[in-house]
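Student: Could you take me through the salt bridges here, one pair at a time, with an eye on how buried the partners are? I'd like one connected account.

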Amino acid sequence: MGTSQPGPVAERGVLYVATGDPYYLRDAAASIERLRAFEPGDAVALLTDLPEAAEVCRRLGVWMGQVKTPRCTQYPSRFVKTRLARYSPFATTLFLDCDIVPLRRWAGVFELAKEGSIGAVPDAHPLPFDPSDGSRDTPEQRATRRRVRAGDAQVNCGVLLWQRGPQVASAFDRWFRQWCRFGQRDQPAFMRAHVPWHPLPGAFNDQVQGDAEAAAARGAVFWHPWSRKEASGERVLRRPWRKVHWWHGPARRAWSLAPWAIGPVRWVGPG
């Protein structure tokens, strides 16, 4: 592997994040293998804080960017995800959550990117504004109600598409600051930040319950089962210290302003 020079490693590419627990690295590796089966020519990169990722990236032939994540948050991937405009090595980036299941060829998705706007698919669930729906009325929900109109579509942040530019960089900065307020959910923070976004075809983030075969029959390009598994509690972090949530006041502000939080990632490339 060689070390990349500053600037994009390719004009366009697919970006994954796997942090905090090897479980996510295994998910990302499986997704990348399926992705490469359909579109072997496009560049792929992985942002990670896991030391075992180096061998995985070597085996898969993908770019690796090593990042630091704060151990005072139980959601290190969201800490990275909300900064991706600064971290991405590509001029045009397609971000995929590590649990995304590619089901068919996806040539042409990069042409759906628009300057100054982030491409995404609406979430299958509305924002939980009303505690009567069974959700807990948290400080984050109350803050979201104050900034987002009831009835607005929630954006699913499992698949995002953008072109590098000052407007998108500013939007990600606002997203990051909103996420840092609570250190919890990325999608309500996206909405509170009033990020400019445009809809992608639903096939690029199919969230319908079922299985991969059913999603493929529907014409899905990327199937996204995460929300169902998260809701049912099937996945838990395997490192106990990640469950200790210390993400408030001075700690949150210190991490959000730390020099490495806004600095470039030094990318290590295949070959």
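Tutor: Let's fix one cut-off before looking at any pair: a residue is called buried when its relative accessible area is under 20%, exposed when that area is over 50%, and partly exposed in between. Keep in mind too that this is a predicted model.

Start with Asp 42. Its relative accessibility is 15%, so Asp 42 falls on the buried side of the cut-off. The side chain of Asp 42 meets that of Arg 12 in a salt bridge, with N to O at 3.5 Å. The two come from distant parts of the chain, 30 residues apart: Asp 42 sits in the loop between α1 (22-38) and β3 (43-48), while Arg 12 belongs to strand β2 (residues 10-18). Arg 12 has 36% relative accessibility, so this partner counts as partly exposed. In this pair, then, a buried acid meets a partly exposed base.

That is one bridge out of a bigger set, as the whole structure has 13 salt bridges.

Next, look at Lys 81 and Asp 97, whose side chains meet at 3.2 Å, N to O. This pair also links distant parts of the chain, 16 residues apart, with Lys 81 in helix α3 (residues 76-81) and Asp 97 in the loop between β5 (90-96) and β6 (101-102). Here both Lys 81 and Asp 97 are buried. They don't stand alone, either: Arg 78, Lys 81, Asp 97 and Asp 186 are joined in a network of salt bridges.

Now for Arg 192, which forms a salt bridge with Glu 140, the closest N and O atoms being 3.2 Å apart. Arg 192 is in helix α7 (residues 186-192) and Glu 140 is in helix α5 (residues 139-147), so the bridge ties together parts 52 residues apart in sequence. Arg 192 has 0% relative accessibility and so counts as buried. Glu 140 comes out at 8%, so Glu 140 is buried too.

While we're on burial, have a look at strand β8 (residues 155-163). Eight of its nine residues are buried, so the strand is largely enclosed by the rest of the structure. β8 pairs with β5 in the antiparallel sense over five bridges, and there Leu 96 has Val 159 of β8 as its bridge partner. Strand β7 (residues 118-122) pairs with β8 as well, again antiparallel, over three bridges. In that pairing Gly 119 stands opposite Leu 161.

How values were computed:
Residues are numbered from 1 along each chain as its sequence is written. This is a predicted model: local features need pLDDT of at least 70, side-chain atom pairs count only at pLDDT 80 or more; totals for chains, interfaces and linings use all residues. Side-chain values use heavy atoms; hydrogens and water are left out. A salt bridge is a side-chain nitrogen of Lys or Arg within 4 Å of a carboxyl oxygen of Asp or Glu. Helices (H or I, at least four residues) and strands (E, at least two) are DSSP runs, numbered from the N terminus. Buried means under 20% relative accessible area, exposed over 50%, partly exposed in between (1.4 Å probe, protein chains only). Two strands pair if DSSP finds at least two bridges between them.
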